[in-house]
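Student: I should like to look closely at a single part of this structure. Could you please guide me through it step by step?

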Amino acid sequence: MNVLTELQQRFRLALDGLTEDPDSLLEMVRPAQETKFGDYQANCAMPLGKQLGRSPREVAEQIIQQLDVSDFCSEPEIAGPGFINLRLRDDWLVQQLTEAQHDPRLGIAEVSPSRCIVIDYSSPNVAKPMHVGHIRSTVIGDAISSIARFLGHRVISDNHLGDWGTQFGMIIYGFKHFRQEDAYQAAPVPELTRLYKQVQQLIEYHQSRQQLPQLEQQVQELEAQRDQQQQELEATDPVDKKAARRLRQLEGRITDQRSAVVAASARIATIDEDPELSSLAAKHADIADQVLEETAKLHAGDEENCRLWEEFLPRCREDIQRIYDRLNIEFDVEYGESFYHDRLPAVVAGLETSGLARESEGATCVFLDEFETPMIVRKRDGAFLYATTDLATIQYRMETWQPDAILYVVDHRQSEHFQKLFSVARQWQNPDVEFSHVSFGTVLGEDGRPFKTRSGQSVGLESLLNEALQKALDVVTSNDESKPHGAELSPEQRQQVAETVGHGAIKYADLSHNRTSDYVFSYEKMMGLEGNTATYIQYSYARVRSIFRRGEVDLEGLRASFAGISIEHPAERALAMAVLQLSEVLESVLEDYRPNQLTNYLFELAKRFSSFFEACPVLKAETEALMQSRLLLCDLTARTIKKGLQLLGIGVVEMM
């Protein structure tokens, strides 16, 4: 039972006649911050009293008179100016624990009515190896999918692969002109990656040479503006604060523009200082246009380019699948951009027919009142864009699954794209569907900048996992060898535990942060046996399981017995309360698609178990009945931790 939801429903009835809009007030029925105030607290009497022009305490008394929670709460109490404190009845808690004890779902009912939710996440470009930037979309999307599915929603997880477009035009061009045949035959994917990077490097070189004079001119113009504004500011007394602010903004623009000049100069120097690359750049001066031509030929069905695409794609896909297998990530469907290619002309035609799209400077665009720039759906050369494919994808999803919600787990830099996409989709298809951009921040290095290798390249996801595995093995080995009675794990067992701990640490470190925030990647912190880490939560689970091993407890027999759970110690009650709050935590995750709500809960649950373990002897309990009660409470705790981690895509281990 979701206690919070039930309480809010009861308060809705109690507020009848006092307000016409109870929803904002019901949000003020929340778990109590301190146990001395009870288990839950309702603060709605204060704003309601202000609305009604009455004393909040008087309003609180009227709410209580109309509130019926006697079947699971003790008599509500009013504190201070009008806080309503509620405490769950101990006998009711015992009843809920007993039901959870015999329920594979831990007493968590499926929601009704359920929704159909399409979740678009991970979505790498298959032409390139997955890097650290893909971890957030992948694990956040997977966690949301698992939680929604567990709660009874119909979920379609879709890996919208980048398997089409310019990146393959770049690989095809590179394959035709730069490939090393021996390297390709020995290891196709690394060679295709090298070709992609080389073509990209040459394109950027020519672009930088073309742009550098303009960038330098812009710096000079901005510096001239700054000097003039500085002189004007110095001549004013008192100082014009608005002018000073404009000057600071201008200094920022100059810094950004200088950085662009430095970056362009570096790209040019890298090629010019390398005779081989310099020779290639001279021979392929029109490489950008040639790549677009190869891309257009692929899209037009050119026999050779299509053959190469069909040759490359499975090999690239296998490389990505290896990462998904390590992370235990699965999708219901994996429809890449190529799947929707045949739909694109009809999408543009439909937008034109509906009056949403029109020609502008040779391109077909959708102009939106709320944006300065339009959404381009077909370029002047006839090529389609990501936006066109995304609209075709929405159309297909609506036709195929009739979803109630479509979620896009994509980083925050794509916010404007999705705002435009959702606006156009609503006007064009007019679907009765929730569109949501589940955005997230950036993974940072210890220097506070986007996490990169020393050479400035994105950190490969596979190397990240390998490093995490090795560090996890070090932690597991050290912990095992420091046990009072000697090591318990074989080398093979240590390796298995390290895989679960290492991969879990990577996932949990990401999920434990508010998804909209940036976070600093640190192996040391994520592997810690203390604090809010997967390692600590997994250790807590293993600690519970060790109780049953030490006591040689027949767990299945205990679960099937008539033994019951009693609540006699405050630490027992605190742990029981935490165990029973999983349902409301899971629903809170889906309110705004924030898995860190679940990680915070698991951390609190593990801490409460630690307090319980210190205060309440289990195997040495005073009586047999008390020992069995505490064993059952331990078992429920372990099952709850395991389920919570499982929903985050993280495994548990019996021993650490």
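Student: Which residues of β5 lie on one side and which on the other, and are they buried or exposed?

Tutor: Please bear in mind that this is a predicted model. Strand β5 comprises residues 116–120, and five of its five residues are buried. On one side lie Cys116, Val118 and Asp120, while Ile117 and Ile119 lie on the other; both faces of the strand are thus covered. In a regular strand the side chains alternate between the two faces of the sheet.

Let us turn to the partners of this strand. Over five bridges, β5 pairs with strand β6, residues 154–158, and the sense of this pairing is parallel. Within β6, Ile156 is the bridge partner of Val118. To pass from β5 to β6, the chain runs through helix α6, which spans residues 133–150, and this β-α-β crossover is right-handed.

Strand β5 is also joined to strand β10, residues 405–409, by four bridges, and these two strands run parallel. Here Ile117 has Ala405 of β10 as its bridge partner. Two residues of β5 may therefore serve as points of reference when you view the model, given that side chains alternate between the two faces in a regular strand. Val118, on one side of β5, is bridged to Ile156 in β6. Ile117, on the other side, is bridged to Ala405 in β10. Both Val118 and Ile117 are buried.

How values were computed. Residues are numbered from 1 along each chain as its sequence is written. This is a predicted model: local features need pLDDT of at least 70, side-chain atom pairs count only at pLDDT 80 or more; totals for chains, interfaces and linings use all residues. Side-chain values use heavy atoms; hydrogens and water are left out. Buried means under 20% relative accessible area, exposed over 50%, partly exposed in between (1.4 Å probe, protein chains only). Two strands pair if DSSP finds at least two bridges between them. A crossover is right-handed if, with the strands pointing away from the viewer, the path from the first strand over the helix to the second runs clockwise.
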